[in-house]
Amino acid sequence: MAERVALVTGGARGIGRAVAARLARDGFRVVIADRDAAQPDHPARCVQVDVADEAAVTALVGGIRAVEGRLDALVSNAGFMIRKPMRDLALAEWNAVLATNLTATFLLVRAAEAMLRTACGSVVTIASTRARQSEPDTECYAASKGGLVALTHALAMSLGPDVRANCVSPGWIHTKGEALRPEDHAQHPVGRVGMPEDIAGLVAWLAGPESGFVTGAEFISDGGMTRKMIYAE
Ligand SMILES: NC(=O)c1ccc[n+]([C@@H]2O[C@H](COP(=O)([O-])OP(=O)(O)OC[C@H]3O[C@@H](n4cnc5c(N)ncnc54)[C@H](O)[C@@H]3O)[C@@H](O)[C@H]2O)c1
């Protein structure tokens, strides 16, 4: 069988970096697309690109068509958060978060649809438990991730039966190097904060053939936090 090809956006750091490493280990030929330079410790072709930019996404996908010649897995992971009271949030900031966290997936899938169909491929989007629950001052991020969950199930309907599309919604994943206190771990029903590899394992399963009966689904990987009843004592 020809070597399968995976595109991972936001693969320079954090969850995307772990996903790229895991897919490379699983035998995929990996393309990492990130606006920052990536330095993976496994074979990969790294492209510096802003996935919110339509022309850049067209060029990125055209490059994969020309260089790798196929696309089996598209992991749309690039994303960021602006946390600000709404009264201080500029429209440009709102638009920037929506552009990367939501619109980029539309741009990527639209550009890659033919290759994904030919390969009977898989799309995996990375949303967030913040699609369904919130802290104050997170409107643009929550809206973008809620939109991404909905976009993913819509894609599953439009791209089937050739292509499956599923969403992973992580909870707290340790990607920013923040110092973790014992209570940060203990509040989770599984007893710990998540690691990028927790998400990478789930993405790898969704990208591979063993999840062949799964499409349009959202998988929450949050150590049980969204199942916790939190009334004060
Ligand atoms: N870490 C968490 O706790 C957590 C929880 C829920 C969801 N998520 C989501 O998981 C994804 C990855 O998060 P992370 O914690 O690894 O983030 P991170 O900041 O560590 O890494 C994100 C990567 O995406 C890249 N990126 C951002 N915008 C981009 C753009 N427009 N074009 C190209 N590259 C871009 C960044 O350069 C960076 O390398 C994001 O979508 C995030 O919203 C993270």
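Here is a short conversation about the helices and the ligand shell of this predicted model.

Student: Why are helix 2 and helix 3 called roughly parallel?

Tutor: Helix 2 (residues 54-67) and helix 3 pack at an angle of about 25 degrees. Angles under 35 degrees count as roughly parallel, and therefore the name fits this pair. Their axes are 9 Å apart, and the crossing is right-handed.

Student: What makes helix 1 oblique to helix 6?

Tutor: Helix 1 and helix 6 (residues 196-207) pack at an angle of about 50 degrees, with 8 Å between their axes. That value is not under 35, not over 145 and not within 65 to 115 degrees, so the pair falls among the rest, which count as oblique. The crossing of helix 1 and helix 6 is right-handed too.

Student: How do you know that the span of helix 3 agrees with its number of residues?

Tutor: Helix 3 (residues 91-119) has 29 residues, and at 1.5 Å a residue they should span 42 Å. The end C-alpha atoms are 39 Å apart, which agrees. Helix 3 also bends by about 60 degrees at E113. After helix 3 comes C120, with a positive phi near 50 degrees.

Student: Which helix gives the most to the shell around the ligand?

Tutor: That is helix 1 (residues 14-25), with three residues. Of the 24 residues around the ligand, G10, G14, A78, G79 and T175 come nearest.

Student: What kinds of residues make up that shell?

Tutor: The shell divides into 10 nonpolar, nine polar and five charged residues. Gly counts as polar here.

Conventions. Residues are numbered from 1 along each chain as its sequence is written. This is a predicted model: local features need pLDDT of at least 70, side-chain atom pairs count only at pLDDT 80 or more; totals for chains, interfaces and linings use all residues. A residue is near a molecule or strand if its C-beta atom, placed from the backbone, lies within 6 Å of it. Helices (H or I, at least four residues) and strands (E, at least two) are DSSP runs, numbered from the N terminus. The expected span of a helix is 1.5 Å times one less than its number of residues. The bend at a residue is the angle between axes fitted to the seven residues ending there and the seven starting there. Axes are lines fitted to C-alpha atoms, for helices over the stretch in contact, and angles run from 0 to 180 degrees between N-to-C directions. A crossing is left-handed if the near helix is turned anticlockwise from the far one by less than a right angle, and right-handed if clockwise.
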